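Got your viewer open? Let's take a walk through this structure together, one selection at a time.

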Amino acid sequence: MGNTRHRRPAAETRAAIAGERRELAAMLDGLSAEEWDAPTLCGGWRVREVAAHMTTGFRYSLSKIAWELVRSRGSLHRMTDRCAHKDAAAHSTRELAALLRDNADHPWRPPVGGIEAALGHDVIHGLDITVALGLGRRVPEDRVRILLESVDARTLTLFGADLGGIELRADDLDWSFGTGTPLSGAAQDLLLLAYGRRHPPGHLHGELSDRFLAAQA
């Protein structure tokens with residue numbers, strides 16, 4: 001079926017966000033020191049930088065964000081990268097996991113996209129970690145469906161996803177997106193593609209799957 005968009009109750013999405021943060025915090029608590037320093041699907045970021053970035057919205061006021069943006073010469077990308085590295089060095093791994101858990105119900109949202117974007121921020125960055133580490137975590141289907149319903153051309157543009165001429169086909173639930181050469185995989189893996197990520201081998205199936213392989217460290 002094609003993508004369909006409808007508004008879910010905000011309380012449902014807030015519950016999904018809280019559940020995702022608590023589960024990711026528990027996952028982080030179980031990582032070894034070597035895993036905290038392992039690379040993720042976010043280029044140039046280890047697990048500790050991703051975790052630091054995920055908690056930025058709980059720690060930074062609007063005025064601090066504005067100041068950090070000025071220091072980064074107006075580049076949001078430079079700002080997030082610099083702050084992720086700085087904050088990863090300033091906080092212990094235990095502190096980073098606790099920040100995610102203790103702020104499970106925090107109302108933070110990204111500047112674009114509303115409450116669904118907040119869920120996407122947590123789910124995608126969680127997958128950046130778990131997929132790269134090969135942990136095999138499955139994001140609960142209800143959370144994945146909320147995000148799949150919000151995927152559109154604007155999503156691809158915002159995250160720089162080049163899916164022209166490709167039809168994404170989930171093989172674990174009834175969802176497809178786009179037109180062209182079929183590319184199949186688990187819904188959460190296809191969601192990562194829509195958010196501009198690439199995968200280690202074995203996650204995608206189709207003649208164009210090699211196009212979306214992550215660079216090997």
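Turn on the surface display to begin. The accessible surface of the protein comes to about 10600 Å², and 55% of that area belongs to carbon and sulfur atoms. Keep in mind as you look around that this is a predicted model.

Now switch to cartoon view. How many helices and strands are there in the protein? You should find 11 helices and 4 strands. Zoom out until the whole thing fits on your screen: the C-alpha atoms fill a box of roughly 45 × 40 × 35 Å along the principal axes. A compact globule with 217 residues would have a radius of gyration near 17 Å, and the protein has 17 Å, so the two agree.

Next, colour by burial if your viewer can do that. Of the 217 residues, 48% count as buried. You can also look at who touches whom: among contacts between residues at least 6 apart in sequence, 64% join residues at least 24 apart. Colouring by charge gives you another view, with 27 positive and 29 negative charges whose mean positions are 7 Å apart.

**Stop 1: helix 1**

Select T13, which is found in helix 1 (residues 10–29). Is T13 buried or exposed? T13 is buried, because its relative accessible area is 0%, and the cut-off for buried is under 20%. Show the side chains around T13 to see what does the covering up close. Setting aside residues up to four places away in sequence, T13 touches R8, I115, E116, L119 and I146.

**Stop 2: helix 5 and the loop after it**

For a contrast, jump to L62 in helix 5 (residues 62–71). L62 is exposed, with a relative accessible area of 73%. Try your distance tool here: the C-alpha atoms of L62 and H121 are separated by 18 Å, and the two residues are 59 apart along the chain.

Move along to R73, in the loop between helix 5 and helix 6 (76–90). R73 counts as exposed too, at 64% relative accessibility. Have a look at its backbone: R73 has a positive phi of about 55 degrees although it is not a glycine.

**Stop 3: helix 11**

Now select residues 187–194, which is helix 11. Why is helix 11 largely enclosed by the rest of the structure? Count its buried residues: 8 of the 8 are buried, so the rest of the structure largely encloses this helix. They are A187, Q188, D189, L190, L191, L192, L193 and A194.

What do these buried residues pack against? Show the surroundings and you'll meet helix 8 (114–133), helix 9 (141–148) and helix 10, along with strand 1, strand 3 (181–185) and strand 4. Just after helix 11, click on G196, which takes a positive phi of about 80 degrees.

Stay in this area and select A161, whose place is in the loop between helix 10 and strand 1. A161 is buried, with a relative accessible area of 14%. Which residues is A161 in contact with, leaving aside its neighbours within four places in sequence? They are L156, L193, A194 and G196. You can check one of these with the distance tool: the C-alpha atoms of A161 and A194 are separated by 5.8 Å, although the residues are 33 apart along the chain.

**Stop 4: the aromatic pairs**

Last stop: rings. A pair of aromatic rings is described by the distance of the centres and the angle of the planes. A search of the whole structure finds 2 aromatic pairs.

Select F159 and Y195 for one of them. This pair is tilted, at 4.6 Å centre to centre with 40 degrees between the planes. The pair links distant parts of the chain, with the residues 36 apart: F159 sits in the loop between helix 10 (153–158) and strand 1 (166–170), while Y195 is in the loop between helix 11 and strand 4 (204–205). Check the surface over each ring's residue as well. F159 is partly exposed, with a relative accessible area of 35%, whereas Y195 is buried at 8%.

Then pick W175 and F177, which form a stacked pair, 6.2 Å centre to centre with 5 degrees between the planes. W175 counts as buried at 7% relative accessibility, and F177 is buried with a relative accessible area of 17%.

Definitions and conventions
Residues numbered from 1 in each chain as written. Predicted model: local features only at pLDDT ≥ 70, side-chain atom pairs only at ≥ 80, totals over all residues. Heavy atoms only, no water. Helix = DSSP H or I, 4+ residues; strand = E, 2+ residues; numbered from the N terminus. Rg over C-alpha atoms; globule rule 2.2 N^0.38 Å. Buried < 20%, exposed > 50% of the residue type's maximum accessible area, 1.4 Å probe, protein only. Contact = heavy atoms within 4.5 Å. Areas by Shrake-Rupley, 256 points an atom, 1.4 Å probe, with all protein chains shown as cover. Lys, Arg positive; Asp, Glu negative; His and termini not counted. Charge placed at Lys NZ, Arg CZ, Asp CG, Glu CD. Phe/Tyr/Trp six-rings, centres within 6.5 Å; stacked < 30°, edge-to-face > 60°.
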